[in-house]
Amino acid sequence: MSGKDPNSITITVEGSNRSASLPVLSGTIGPSVVDIRKLYNQLGMFTYDPGYGGTAACESKITYIDGDAGILLYRGYPIEQLAEQSTFLETAHLLLNGELPNEMQKHEFEMGVMRHTMVHEQLRQFYNGFRRDAHPMALMCGVAGALSAFYHDSLDINDPESRRINAFRLIAKMPTIAAWAHKYNIGQPFMYPRNDLDYAANFLYMFHAVPAETYHSNPVLARAMDLILILHADHEQNASTSTVRLAGSTGANPFACIAAGIASLWGPAHGGANEAVLKMLGEIGHKDNIPDFIAKVKDKHSHARLMGFGHRVYKNYDPRAKIMQRTCHEVLAELGIKDDPLLDLAVELEHIALHDPYFVERKLYPNVDFYSGIILKAMGFPTSMFTAIFAVARTVGWVSQWREMIEDPEVRIGRPRQLYTGPTQRDYVPIDRR
Ligand code: ACO
């Protein structure tokens, strides 16, 4: 464990002389953690933390979030600086390897990714097994998981070279898999990757281009795409990353783990929120309907939520949402969209929510998904692709976190305990006496 020498805390069971002394561990920044690993041995008790809101499940050096201050750091670098000055592949190198690359390392890393962008030709056939209207995330879960059937040469997770090559494969192939999911949906030919384009531009090419026409890459949109990928690249121990780590702790191969991550990301409380935001804006339809919608969201019985608002960790403005909001205006300007009714609606909704005591008291602010959907829609992506794009970006974080976990000598299989509230032991009752 890293950090300063741990202090300890003592937990005493009231009314008894039983107590446990537990070490307190400190990171480089952020709250310290109580190491409860010996609690059961000392007191015969587990801790109870559904949703893991108070539990640090691992030690990590990759991403740091201060949710109260609205700070997000990748390997120590503020997200605002990376968004402004870096590229997605440079950020990927940073997340994976811990440092920004020098000129030569950057070139080698980009080459390493770009030479793996094609998928095995046999993998193409997998798409035909899906209905044409399959959600891109359903296709991605299946096709990404199926990669493990194609790389038998590198499934040994204990081999550093296999881990290195699979990181390249996953980061490189995910845009191809996602773009082809869309092409399959709309019945257009799959476009093979173009390695002369950069990562984001190649993704836009595979998504938008058709063989019958010349494709012209738009640098402003390619940069916006790159930025969206940077902002979504990693986010500490979120649900999908924790899913990847949990799956990986069993020794499962990285392709299977990333497929698990994609499945976890799909939910509307997580990566599916960007799609849900657009659906919500569509349902609200007009500014006049905002008060009714806000009232519905505040009504506990309605189960409605203001999608794109609130976050388990951020109790302040999500720093990614601020950058997204700016980019949103830039993209709409580039596309010549002067008035976008959805953007107008989102701005109004945000303004009202930020001043409403319900949201203020609960510290609910816009998260990264509030504006990303508007940008992606303007760039020609159907809503069903939004979470798939998120998955493309987050693959970098998943792979980085998976590798960190495998290389952590303290890692054990992830195996939480429970508070059992079911029946106590009882005898089997034959069917004629039930
Ligand atoms: N709209 C309305 N009320 C909300 C919202 C929301 N979006 N989010 C939280 N609340 C309320 C809850 O009803 C609860 O109120 P209560 O204290 O009166 O019961 C309180 O705020 C706390 O909410 P929790 O659900 O306990 O917060 P939690 O940390 O578990 O949930 C989550 C975080 C899932 C992100 C939640 O805010 C949410 O559902 N937001 C909408 C979905 C969304 O945008 N998800 C994307 C997250 S970012 C990402 O994954 C990229």
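**Note on the ligand site and a three-stranded sheet**

1. By class, the shell around the ligand is made up of 11 nonpolar, 5 polar and 5 charged residues. The model is predicted, and the points below should be read as describing that model.

2. In total, 21 residues surround the ligand. The closest are Arg305, Leu306, Gly308, Arg312 and Arg362.

3. Two of the polar contacts involve oxygen atoms of the ligand. Gly308 places a backbone N or O atom 2.8 Å from a ligand oxygen. Arg362 uses its side chain instead, with a polar atom 2.9 Å from an oxygen atom of the ligand.

4. A nitrogen atom of the ligand is also contacted: a polar side-chain atom of Tyr358 lies 2.9 Å from this nitrogen. On its own, the ligand has 920 Å² of accessible area, and the protein covers 75% of that.

5. Elsewhere in the sequence, three strands form an open sheet in the order β4-β5-β6, with antiparallel pairing. β4 (63-66) and β6 (77-78) each have a single partner strand and stand at the edges, so one side of each is left without a neighbour in the sheet. In general, strands of a sheet pair through backbone hydrogen bonds.

6. Strand β5 covers residues 71-74 and is joined to β4 by 4 bridges, the two strands running antiparallel. Within this pair, Tyr64 stands opposite Leu73 in β5.

Key: Residues numbered from 1 in each chain as written. Predicted model: local features only at pLDDT ≥ 70, side-chain atom pairs only at ≥ 80, totals over all residues. Heavy atoms only, no water. Near = heavy atom within 4 Å. Polar contact = N/O pair within 3.5 Å; in protein donor to acceptor, adjacent residues only side chain to side chain. Areas by Shrake-Rupley, 256 points an atom, 1.4 Å probe, with all protein chains shown as cover. Nonpolar A, V, L, I, M, F, W, Y, C, P; charged D, E, K, R; others polar. Pairing = 2+ DSSP bridges.
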